[in-house]
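Let's take a walk through this one together. Have the viewer open, and follow along as we go from sheets to hairpins to the contact between chains.

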Amino acid sequence: MKLIKYLKPYWIFTLLTPLSMVGEVLVDLFQPKLMAKIVDEGVVAGNMELIIHTGIMMMLLICLGGLCGVGSAAFSGMASQGFSRDLRNDTFKKVMGLSFEQTDKFTTGSLVTRLTNDITQVQQFVDFALRMLVRDTILFIGGIIMMLSLDINFGLVLVCVLPIEMIFMIIIIRKATPIFSIVQKKLDKVNSVVQENVAGARVVKAFVREEHESERFDKANVDLMQTNLKVMRIMSVLNPLLMIIMNLSVISIILIGGFQVEAGEMQVGQIMAAITYITQILLGIMMISVMFQLISRAHASAKRISEVLFIEPVIKSGSYVSEDNKIGTVSFKNISFKYPGTNGDPVIKNLSVDIKSGENFAILGATGSGKSSLINLIPRFYDVDEGEVLVDGVNVKDYDIDCLRKKIGMVLQKSELFSGTVSENISWGDNNASREEIEKAAKIAQADEFVSLMPAGYDGYIAEKGASLSGGQKQRLSIARSILKKPEILIFDDSTSALDLGTESRLQRALDENLKDITVIKIAQRIASVMNCDRIAVLEHGSLCAIGTHEELLKTSDVYRDIYNSQMKSSEEGEK
Amino acid sequence: MAKNQKRQSIPSNNPPLRPMGRGPRGAMLSREKPKDILGTLKRILSYMGKNKYIFFMLLAVMLTITILNLAAPSLQQKAIDTIGFNGVDYKNLIKYLIILGVVYIFSSGITYFQGWFSAKLSQTTVKIMRNDLFRKIVTLPIKYIDTHNHGDLMSRMTNDVENISNCISQSIGSLFSGVLTIIGSLAIMIYYSPILTLISISTIILTLLFTSVMTKFMRKYFTRQQILLGDLNGHIEEMVVGYKTVVSYSKEKDAIEKFNEMSDNLKKTGVKAQICGGSMGPLMNIVSNVGFVLIAGFGGYFALKGLISIGTIQAFILYSKQFSRPINEIANQYAQIQTAVAGGERIFAVMDEESERDDNSNDSEFVTDEVSGNISFKNINFSYVPDKPVLKGFNLDIKSGQKIAIVGATGSGKTTVVNLLTRFYDIDSGEIEIDGVNIKDIPKGKLRETIGIVLQDTVLFSDTIRTNIAYAKPQAELSEIESAAKTANADRFISRLPEGYDTILSESGSNLSQGQRQLLAIARAVLADPKILILDEATSSVDTRTEMNIQSAMVALMKNRTSLIIAHRLSTIIDADKIVVIDDGRVVEQGNHEELLDKKGCYYNLYQNQFAGIAT
């Protein structure tokens, strides 16, 4: 429960909540007495004045109690909401600092649940604990004291009953707790089936697998229900058990009371009081059992949050901050890399290459040859296992990470857009960019042509991650975004694949004209996209297999020739 | 249990509602209260009614418990009465204690059944609901899926359903026993004194008035809180899912800043909502005690006038206390019920969406196995958004067994052709025919079974590679699966994976590259063996050499079936029987590669673009 420190800034509220709760409880305890007075002395005796008098007293007292109640609600709200806000903010901040290795491990879905559901769970628990824990403890302990003060013999009943109740409670909760976490897993399964079906609706429909998917869902659903029922079946034993014991102790109190009264050591009224108190004590126990259930749920959530909150970032920022020197060199020195947590061959083996300032550098290679992995190492999305990656002659590990990433503009394979207008999305590259700059970047990226056709133009709203845009349009917007960033090094990770050929060549021309000085690293499948580059590196199974200009490679590299032929040969034939 | 919980905070349990739809932000703030509370409640009840047996058992059990709860105190009293100042009447004491013991044991036993039945009722009800909802989601038209927030849809399935489940298992019990107690004590109260009952009822009316005012406040804050939470969750989802992009642009700080701001707003509203919710109990307490004082006052007055006996007042006060308690309880459950109703409304809103329908489809005429694969598009007009036509008078004839390539600029409507042929979307006007049968007359299932489709964005399911390939044909033998994988050139990388065909694909997908995923999708289509094959940029992430390797397989795959290929790569389309160039929603050119080059039109320009480097 390391999370408790998040309550610290709100300690006043944290303290005031139980205090005002005590006020409310005291009024609650006192109120029956006044009520009895009204009935016994007022109504029975026909004393109208006393009724009115005590009535007003009682009203005032009740108002005070109500005030305390409202106060405790308000204080606990301030404490628990403040607590959860701080916790949420810190956790989100942490998530924003995770490396991909770590987000891969957590999976995005689980990170989202941790940030949302789990935090709400914990917040509810804090709120509940502040208000109920104190209240019930007071009632519980107060009840015991009052009971013992009535007659020490009643202690016997307590000594017998309390341990039994506790034991039952512990046994049952012990049994149920592990199933609670299974329930969570089954729920995850249900969610993931839904998620997959929503995201993959086209495929499900195309293969006419609706029935199959429904069955799959059915299975997960029934599974969830059964696990839920299993745990509920166990839990529903608890209350009746506690009740039976409680009621039996009421019987024994009447019996003991009978003996005591006969022995002249007690009055009948005291038996009544004792019954009231033991009921109170045992209600307290039941409440504690509810608490335990909440604790075990909140504990699971707190654990999940802590896992994120207290994780050590794998990628630690260095301290080197470069001046505004725009060099733009990248060197890979003898690097090897394997995705964390995978076994088998490394994705990149002993690779060395130097990319010069202002160079137009292309990387070509088969599916799975390690192209994307290689460029992921430049902005330190992942760290190399061996060797070093240098940007502007400095090891990337020594850079202040923001400084490093500011130098690099990366257009990812999967273009991710965010809800907001077109211009908001483009200005991700530079918050302070003027409209002219945004439009210019869009023009270079060949995005202007379709944006200007949209009814609202640059102020048009991009819905649901750009679902309304075609793949090529999304790619062009993310290219515009990177261009606006004015990086030293611009990396295209196969991010022109959805562009038709005309658009791509226009893009290339615009880049050549407008961004002459920056280093461009381009991963592509199409020879036509890369053949004009200064140098082309051909990767094969994670190693560099050839490097040179298009012409050189045609002469020297079999692999390159193969690729070339696969794309060009038939077209040359066509031209004949 | 319900009794102990009556002071529990009114749900600060805030279901992450996602705003409906999207549209410009802020527009959804207008969404206020549930529109049709009664109707929605009725539907939830009708779902519960599907378990009539358990439902009525639960009611019976609760009735018994309420009666026992009313009986036990009087028995207790009788037992204590046997203990007098003049000694103890042991015979009667023991008798009453034994009866009491039996009643207690019986009522505890029944309490177990109450817990069990209400768990069962809530779980089975919710299970049926989830099932219905899922079946609905699977049959929703693609149009719905494309235009709605996926996170929102997910949240209906999880949070909203959960709210209903909580409501059933927690609120129904206290609601029912509350109502019973109210009716019971009301009857007794009227029996004792109709006038005092009237006074008592007037305090009830006060309570109700008060409740409705309070809930208006509460609803305002709770709704706002839910909307803010929905927005916050939306932000979280976007930033976490698009984390790679966030990081590439060093946008973490902005994301955090925005998050903190939203988080802060949520906190402020949350505090207000919680104060409103938490004040309900204490304030109700005040109101009900005012009622008590009133009764005591008037009762005393009437007693003085000799209108009623003192014993009557005493009894009456006890019962009026019993009367107001369940009303408080019900008021406290109100928020939970309201959340459940709001959730129910969101669930039913999806359920009431129209499914994909097969209007005039007559099953008998169309037999999947006998399709030869002639396709004709006749004068198709189509738009996703009214007044923005994507296809305008689109005409195309495809003969059985032909290999057709569709090319055109980004956004020219290539993928739309696929969407229409598979009836993911329905055309505005015109006709599409397969073997001369209008596709509107073909049941969608059959239509899609004849069409195999490989999409640019590969969809794989978190299951083994084997199950993913066998998606269209679950009963396929391993040998069939392997040979399909070989055809798609996927066998090589699959066998290099530690678990081979039993490797479970993970969400993060770091274990497979984009290209490898596409190969799996191709293998899936190979195994499905459709009459008509559509490849929508199916090999865009596969490198060309690998593509060449699977070329022969692709040729084999496309043999004897009609194939539609959408691609940018000339290498993929060059030996198509017919290349169709789409521009601005129309077919502008068609013919084979040579013919089109000779024309020196659109296609020639496209071609020149790609090969500009070589040609010059």
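What follows goes through the sheets of chain A, a hairpin in chain B, and then the interface and the salt bridges. Keep in mind that this is a predicted model.

Start in chain A with the open sheet of six strands, whose order is 6-9-10-3-11-12 and whose pairing is mixed. At its edges you'll find strand 6 (408–411) and strand 12 (543–548) of chain A; each has a single partner strand, so one side of each lacks a neighbour in the sheet. On average, neighbouring strands here are turned by 15 degrees against each other, ignoring direction. Something also packs on this sheet: helix 14 (residues 471–484) of chain A, which touches strand 6 and strand 9 (489–493) of chain A. If you compare directions, helix 14 makes about 180 degrees with strand 6 of chain A.

Now zoom in on the strand 12 edge. Strand 11 (residues 535–540) of chain A runs antiparallel to strand 12 of chain A, and five bridges join the two. You can pick out the register from individual pairs: A:Glu540 has A:Ser543 as its bridge partner, and A:Leu539 has A:Leu544. The two strands make a hairpin with two residues between them, and A:His541 takes a positive phi near 45 degrees there.

Chain A has another open sheet, this one of four strands in the order 2-1-4-5, with antiparallel pairing. Which strands stand at its edges? They are strand 2 (348–355) and strand 5 (394–395) of chain A; since each has a single partner strand, one side of each is left without a neighbour in the sheet. Strand 5 of chain A pairs with strand 4 (residues 386–391) of chain A over two bridges, in the antiparallel sense. Within that pairing, A:Leu390 is matched with A:Asn395 as its bridge partner.

Over in chain B, take a look at strand 3 (residues 375–383) and strand 4 (residues 389–398) of chain B, an antiparallel pair held to six bridges. B:Ile380 has B:Phe394 in strand 4 of chain B as its bridge partner. These strands also form a hairpin, with five residues between them, and B:Asp387 in the turn has a positive phi of about 70 degrees.

Next, the interface. How many residues of chain B are in contact with chain A? The count is 169 residues of chain B, against 176 residues of chain A. The size of an interface is often given as the accessible area lost when the parts come together. For chain B and chain A, the buried area is about 15,700 Å², with carbon and sulfur atoms giving 65% of it.

On the polar side, 19 residue pairs are in polar contact across this interface, counting pairs with both residues at pLDDT 80 or more. Helix 8 (residues 252–304) of chain B gives the largest share of the side of chain B that touches chain A, with 30 residues. By class, that side of chain B has 74 nonpolar, 67 polar and 28 charged residues.

Side chains of opposite charge can pair when their charged atoms come close. Between chain B and chain A there are five salt bridges, including the one from B:Lys253 to A:Asp402, with the closest N and O atoms 2.9 Å apart. Over all chains the count comes to 30. One of these lies within chain A: A:Glu213 and A:Arg216, whose closest N and O atoms are 3.1 Å apart. These two residues are three apart in helix 7 (residues 210–262) of chain A, so about one helical turn separates them.

Note on methods. Residues numbered from 1 in each chain as written. Chains lettered and ligands numbered in written order. Heavy atoms only, no water. Pairing = 2+ DSSP bridges. Axes fitted to C-alpha atoms, helices over the stretch in contact; angles between N-to-C directions. Contact = heavy atoms within 4.5 Å. Buried area = accessible area lost by both parts, 1.4 Å probe. Salt bridge = Lys/Arg side-chain N within 4 Å of Asp/Glu carboxyl O. Polar contact = N/O pair within 3.5 Å; in protein donor to acceptor, adjacent residues only side chain to side chain. Nonpolar A, V, L, I, M, F, W, Y, C, P; charged D, E, K, R; others polar.
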